[in-house]
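Visitor: I should be grateful for a close look at a single part of this structure, followed by an account of its surroundings.

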Amino acid sequence: MLSMYEMHAPAQSGEERQPRRGDTIQPRAQALGRAEEANAIPPPILGTPRSVPYIANVKAQLKRLTSDSAVYGISNVLGRFITFLLVPFYTHVLLKADYGVVIVVYSYIAFLNAAFTFGLEPAYMRFVGNADPQRRNAIFTSSIVFITCASLVLGGALLLLQPQALTLLEIDAALGAIVPLALAMVVLDAINIIPFAALRMERRARYFAVVKLVGIVINVGLNVLFLLVLRWPVTSVFVSGVLASLSTTLLLLPVFLSHLRERVRAPLLRELLVFGLPTLPGAISIMLIEIIDKPIMQKLTDYATAAEYGANYKLGIFMMLVVTMFRYAWQPFYLQLASGEDARRLFARVLTYFTLTGAIIVLVLSLFIGDIVRLPLPQGRTLIPEAYWGGLGIVPIILFSYVWAGIAQILNAGVYIEKKTMFILYATTLGAAVNIACNFALIPVWGMYGAAFATFAAYFTIAVFYAVVGRRIYPIRYETSRLARIATALAIPALLWYLVPGSSLLPPLVWKLMLILLFAATLWFSGFVLPGERAELRALRHRLLRR
């Protein structure tokens, strides 16, 4: 599973060049000195004929960003989609309370996954970039041996607390096997993290993708076998997870064997831990934002409510996939272009286009999510059972939350370019604190909606934090007027949808399509589309008509 830490973590050397501080100085600004150039804000892009060469450059760079997103994200997206298929499966074959147990326990597993790596994944990627083969193997060996030993010790210690864990989880002793199975998954996933990092650093993308996808397919297949065919209890979900993680370890054996050729070097391990451990609080904070709402929901309500919330939360996967694909390409993209003359204006344009894409996805999915979950299946069933439809109202909030998560990714570019990465810890810690506080404050009042708003509040807080910090350390003049037009164009159909009973006057499909057209018309007639972009759209239309 790609964690939110991976979404925020800096791209490491070996995948792309880390820019030096002086790289951002442009020839025009050299006479003014470094300090003045660092605070200079370039003029906005006006889309006039004089900016045609720049627009051509933007097109080329954005085309590259889009293609990179597809290349880097395809295995992750496919894997997440296959995993998503378990959501309708679980909602049909498990009791609601049992599905709640699965959701809550997997939330704890995700938290422990972040903790059990000890920050050595980013440390490995940072240190291995320019290392010779012998040192690279030493880094691998030192990292993997430490993670394996530490994970086994911690996992064993937690296993001794199994009775306390069952009390915390509020599950019956008959399901006690869930605890050791969950810990086995955590240990195996921790052991696999460094081989996966090695594949990324060595650009063995196909191997990486195949192993990830095979593990996911095995997990899904075993779930179907155990739950649907053999009719095993809910503990079989975690048996499937252990066997899938073990199969992943076996598939990674060639990586282990080709890299475990040096002994553990204590001084090197110390260096790795000195670099990696400070990243751990940030990783844990990001993971808390992603998962803490489910255990809190269960504690303040019950497992059935947590199941309904979790199932509908997962329907926001479509926006999360977009953010994940974008993140895979965005960090190497901006780090490589940070020294370019038009980098800041290009970054501003990226924010505009990403926000527009996110707004379109939020609008379309919010309008049609009810139709999606009602898609008919054999035997008179629907994609998601009716018992879960009461939580559909949180889906637009979750989708919009992920838009802000993507915006935060763009706004924190300056933090990495200027190497002020401590702000990442501040932002994620603040976001986690807001998330936890809002969950405890809002769930008793608004139930599932309170948890959804807590997620939104966390990502919104992180984005605002990066915007404030970025303006000070790496100022960019974003296209605020165009962003405001996107917000207005989205708000108008959203208000009409909730306030005007259009479906009683028009067929539902016609009303929804009219709202989407209203969104597009508002953008067009408000002046959102620049002259250069209008010309591109006309050219695209001519090309399509010629076909």
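Visitor: What does Leu225 count as, at 35% relative accessibility?

Guide: Leu225 counts as partly exposed, because its relative accessibility is 35% (buried means under 20% relative accessible area, exposed over 50%, and partly exposed in between, with a 1.4 Å probe and protein chains only). The model is predicted, so local features need pLDDT of at least 70 and side-chain atom pairs count only at pLDDT 80 or more, while totals for chains, interfaces and linings use all residues. Residues are numbered from 1 along each chain as its sequence is written, and side-chain values use heavy atoms, with hydrogens and water left out.

Leu225 belongs to helix H11, residues 205–229 (helices are DSSP runs of H or I with at least four residues, strands are runs of E with at least two, and both are numbered from the N terminus). Together with Leu228, Val229, Leu230 and Trp232, Leu225 forms a nonpolar patch on the surface, with about 450 Å² of accessible area in total. Such a patch takes residues with over 30% relative accessible area and no salt bridge, joining nonpolar side chains (Val, Leu, Ile, Met, Phe, Trp, Tyr) within 5 Å and like charges within 9 Å. A salt bridge is a side-chain nitrogen of Lys or Arg within 4 Å of a carboxyl oxygen of Asp or Glu. Areas come from the Shrake-Rupley method with a 1.4 Å probe, and for residues only the protein chains shown count as cover.

The chain around this patch comes to 27 helices and 2 strands. It exposes about 24,400 Å², of which carbon and sulfur atoms supply 69%, and 54% of its 547 residues are buried.

In the interior, the largest nonpolar core has 159 residues, and Tyr402 is among those with the most contacts inside it (a core is a set of buried Ala, Val, Leu, Ile, Met, Phe, Trp, Tyr and Cys residues joined through side-chain atoms within 4.5 Å). Helix H10, residues 178–201, gives the most to this core, with 18 residues. Beyond its neighbours within four places in sequence, Tyr402 is in contact (heavy atoms within 4.5 Å) with residues including Glu290, Tyr313 and Tyr459.

A polar name also occurs inside: Lys512, in helix H26 (residues 508–525), is buried, with a relative accessible area of 8%. Leaving aside neighbours within four places in sequence, Lys512 is in contact with Leu367, Phe368, Asp371 and Trp497.
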